[in-house]
Amino acid sequence: MNNRTTYYPGRQRLAWLCDHTRITYPEGRIQMWNILICEWQEVSPDTLSKIYPAVVRGSLTVDEAWKEIEHSARMDPSYEGERPPFEDYSTQAISRWAYENQRISVDDGKMEIRNPIDREWYRKENRDWQTYIPNDFFCGKNRAVISRCFVAAERELRAPESNTVVSSEISPKDAVCRLLFGGGGKNVLILSSEGESLDFDFDVFEKWVALNEGHVTSKRIVEDFLGRSWPPGTLELRMLNTTLKKAGWKAQRNAYERWWSKQ
């Protein structure tokens, strides 16, 4: 099983933060939605590691992460109501998550489960191992049903020389994103080609630009904002240029560098 972590690019991270952070009034405190216990919790630079999912935060320093949080908490979320979008997870989706977030210890063959917040592995034999399962999984389902999903995933992981995986309605790549974004992945911004433009959320892009110092180069947009490898294909780069120009961005250059600025 591939346990390599793929972190969110800037566009997905800022979209997630807008939906999962808020400011309480009149206190003015910042809260973040804890995806594990499914509650709003007050957050500070000192408590980021306990609330802010590592797969979203990526390699940002505390100062960089907190700057984005303060900025995003003031933005309007993409939903109405008291909580981020909720998904009624199917047993197939839960089984997939259980398969992707359990492993067999190479030291003693014991089962381990991964905490979706800090991405660390913990022994399943501990009595509190179910505290690492997101509360949304239990909505409308008996705990015995959830346990069966995890038992089935463990059995699959222990199958000798098995290359099969637990059947699922979602791909392994989407398993974590759907957990963090909720709402069936509707808030996940996907780069795709359509005609001569890219599916590009400029509201999120301009928030990203405001939080980043220095020139906005095509390389930074592709790698940091879109989360893709540089250089892209010729067609993709041409579509990126066309998309930026249509949105009012102008190409600038000097003897050392090329970049984009808003007209």
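Colleague: Helix α6 lies across which strands?
Modeller: This is a predicted model: local features need pLDDT of at least 70, side-chain atom pairs count only at pLDDT 80 or more, and totals for chains, interfaces and linings use all residues. Residues are numbered from 1 along each chain as its sequence is written; side-chain values use heavy atoms, leaving out hydrogens and water. Helices (H or I, at least four residues) and strands (E, at least two) are DSSP runs, numbered from the N terminus. At about 40° to β4, helix α6 (residues 143-158) lies across β4 and β5.

Colleague: Which strands stand at the edges of the open sheet?
Modeller: Strands pair if DSSP finds at least two bridges between them. Three strands form the open sheet, antiparallel, in the order β4-β5-β6. Two have a single partner strand each, so one side of each lacks a neighbour in the sheet: β4 (102-104) and β6.

Colleague: Is N115 buried or exposed?
Modeller: N115 sits in the loop between β5 (111-114) and β6 (121-123). Leaving aside neighbours within four places in sequence, its contacts (heavy atoms within 4.5 Å) are L36, E120, Y122 and Y132. Buried means under 20% relative accessible area, exposed over 50%, partly exposed in between (1.4 Å probe, protein chains only). N115 has 8% relative accessibility, so it counts as buried.

Colleague: How wide an arc do the buried residues of α4 cover?
Modeller: Those residues are A65, W66, E68, I69, S72 and A73. The arc is that of the directions from the helix axis to the C-beta atoms. They sit on the same side of α4 because their arc is only 160°.

Terms used:
Axes are lines fitted to C-alpha atoms, for helices over the stretch in contact, and angles run from 0 to 180 degrees between N-to-C directions.
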